[in-house]
Amino acid sequence: MNDIEFEIDGKKVTASKGMTVLETAQKEGIYIPTLCHHEKLEPFGACRVCIVEVESRGATKLVVSCVYPAEKNIIVRTRSPKVDRIRKTIIELLMAHAPDAPQLLEMAAVYGAVPNRYEKDPSFCIHCGLCVRYCAEVAKKHALGFVDRGVHKEISFIPEIAAKECHACKECFPLCPTSYLQAVFVLTEALSFPDSAVKK
Amino acid sequence: MRDIIFTIGGGIPNGKKFKAVQTGGPSGGCIPEDKLDLPVGFDELTRAGSMMGSGGMIAMDEDTCMVDVARYFISFLTDESCGKCVPCREGLRQMHRILTNITKGQGKQGDIELLEELAETAVEASLCALGKSAPNPFLSTLKYFREEYEAHITEKRCPALSCKELISFYIDPEKCKACGTCRKACPASAINGDKKIIHIIDQDKCTKCGTCFEVCPTKFGAVTKLSGVPVPAPIPEDQRTIKKKSKENE
């Protein structure tokens, strides 16, 4: 009897202990947009697009549903003017990197995001971290990671590991919401281990 | 706060006017003169749009451009951000860009609204307190010095005469005594003149370093900064020679 009962968009839902708000919503078929979430990976809470409004003991706050644990009697609203506004800004900011990414275009249509609102950036990476985390958590190869921080942060393959592991795996490729990951891999391959690429 | 700045700190040097005090480190905010009688307390500073933060204070005089202050602190914070979440990493990146454009005179209508939107997203949706407080330098300067933002954007004018792209240096021919100090000091050789020939700044060569403004003897005060108005045309050659009479005045 560990069930946690609460409400999402007026619907009574139940979650078991340890579940997040997002997991509960997905189980119940309630849509919350996500970018950095993946069922096989630990919650990351980086893209912030799954932000929702939570009312708890009379107080309303904004939380990120992929890391917020299900709690008894809370009232979750997956959409509100404020939530929609924030999601719209986040999508617009990411479209400055990847204006043609299908996932972003889909969300842009829902939230009325306007592409080209912000000055473009030359990198397609939206820093969802799916590739980095998949490689570490599922493939357990640690062949790529984040380097630098702040606005200079980017993903990078570690040539010594990538040369040995990546050709046989490449499981991270389809995860990338943009085409950036493949580009980085091809570049690393060309610069650091061109011989093994020829052999394959 | 007035006590700390004017009594303990000795006030603003060189007879300049006090403009604002920035408290709490980079993600704190700027507090204008009319709020100076606030006690320095956690709640009081937070209510005024700043914070206690590290407890540091930076007092600024009338020569400081508040848009540039916001740009400076946001620029610091883009490097401090860890880069994990979107509102902070991307929001600050864009805020810094827009603020830089404004200080360069490339601000557009709607920039303030865009900045406000980015600030809201960062405050509400960032992962940690750095992102949540990072827009403070912008929000507090907009709250108390909105007219400076508007002057930059609509009139291409920097009221504090500080943003290099928006100011020009100009030698007032009425005041110039052709002493040659500025001409010798100019690192860009942009000043034309000679003994008894009124000096003129070549605006195309001028790098706006401000050296001439600093070295012009206070008793002359001939070098001025202009912003938002066109630089007057240089005086005709035949009027450039300083006549005996003005020399006697010296």
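In this predicted model, N116(A) sits in a loop of chain A, the one that runs between α3 (102–111) and α4 (130–137). Its backbone is a little out of the ordinary: phi of N116(A) is near 65°, a positive value in a residue that is not a glycine. For context, most residues other than glycine have a negative phi. N116(A) also counts as exposed, at 57% relative accessibility.

A second residue with this backbone feature turns up in another loop of chain A. D9(A), likewise not a glycine, has a positive phi of about 50°. The loop that holds D9(A) links β1 (4–8) and β2 (11–15) of chain A. With a relative accessible area of 40%, D9(A) is partly exposed, because that value falls between the cut-offs of 20% for buried and 50% for exposed.

Two helix residues make a handy contrast. T24(A) belongs to helix α1, residues 21–27 of chain A. Its relative accessible area is 0%, so T24(A) is buried. What does T24(A) touch, leaving aside residues up to four places away in sequence? The list is F6(A), V13(A), T14(A), A15(A), M19(A) and A70(A). Of these neighbours, F6(A) falls in the range of β1 (4–8), while V13(A), T14(A) and A15(A) fall in that of β2 (11–15). D195(A), on the other hand, is part of helix α7 of chain A, which covers residues 194–199. D195(A) is exposed, and its relative accessible area is 57%. Between D195(A) and A163(A) there are 9.5 Å from C-alpha to C-alpha, with the two residues 32 apart in sequence.

Zooming out to the whole of chain A, the tally is seven helices and seven strands. Followed along the sequence, these elements come in the order β-β-α-β-β-β-α-α-α-β-β-α-α-α. The C-alpha trace of chain A spans about 60 × 45 × 25 Å along its principal axes. Chain A has 200 residues, and 52% of them count as buried. Of the contacts in chain A with a sequence separation of 6 or more, 52% are between residues 24 or more positions apart. Its accessible surface comes to about 10000 Å², and 54% of that belongs to carbon and sulfur atoms. As for charge, chain A carries 26 positive and 25 negative side chains, with the centres of the two sets 3 Å apart.

The domain assignment splits chain A into domain 1 (4–79) and domain 2 (130–199). How far apart are the C-alpha centres of these two domains of chain A? The answer is 31 Å. The two domains do meet: nine residues of domain 1 of chain A are in contact with seven residues of domain 2 of chain A. About 710 Å² is buried between these domains of chain A, and carbon and sulfur atoms give 66% of that area.

Chain B also has two assigned domains, domain 1 (2–155) and domain 2 (167–242). Their C-alpha centres in chain B lie 34 Å apart. The secondary structure of chain B adds up to 10 helices and seven strands, and its C-alpha atoms fill a box of roughly 70 × 40 × 25 Å along the principal axes. Chain B has 250 residues, of which 49% count as buried. Looking at contacts in chain B between residues at least 6 apart in sequence, 65% join residues at least 24 apart. The accessible surface of chain B is about 12100 Å², with 52% of it belonging to carbon and sulfur atoms. Chain B has 34 positive and 34 negative side chains, and 7 Å separates the centres of the two sets.

That leaves the place where the two chains come together. Here 30 residues of chain A are in contact with 26 residues of chain B. The size of an interface is often given as the accessible area lost when the parts come together. Between chain A and chain B, the buried area is about 2500 Å², and carbon and sulfur atoms give 51% of it. Which residues of chain A lose the most area to chain B? They are R48(A), L93(A) and V151(A), which together make up 23% of what the chain A side buries. Placed against the domain bounds of chain A, R48(A) falls within domain 1 (4–79) and V151(A) within domain 2 (130–199).

Terms used. Residues are numbered from 1 along each chain as its sequence is written. Chains are lettered from A and ligands numbered from 1 in the order in which they are written. This is a predicted model: local features need pLDDT of at least 70, side-chain atom pairs count only at pLDDT 80 or more; totals for chains, interfaces and linings use all residues. Side-chain values use heavy atoms; hydrogens and water are left out. Domain bounds come from an automatic or database domain assignment. Helices (H or I, at least four residues) and strands (E, at least two) are DSSP runs, numbered from the N terminus. Buried means under 20% relative accessible area, exposed over 50%, partly exposed in between (1.4 Å probe, protein chains only). Contact means heavy atoms within 4.5 Å. Accessible areas come from the Shrake-Rupley method with a 1.4 Å probe; for residues, only the protein chains shown count as cover. Lys and Arg count as positive and Asp and Glu as negative; His and the chain ends are not counted. The place of a charge is taken as NZ of Lys, CZ of Arg, CG of Asp or CD of Glu. Buried area is the accessible area (1.4 Å probe) that two parts lose on being put together, summed over both.
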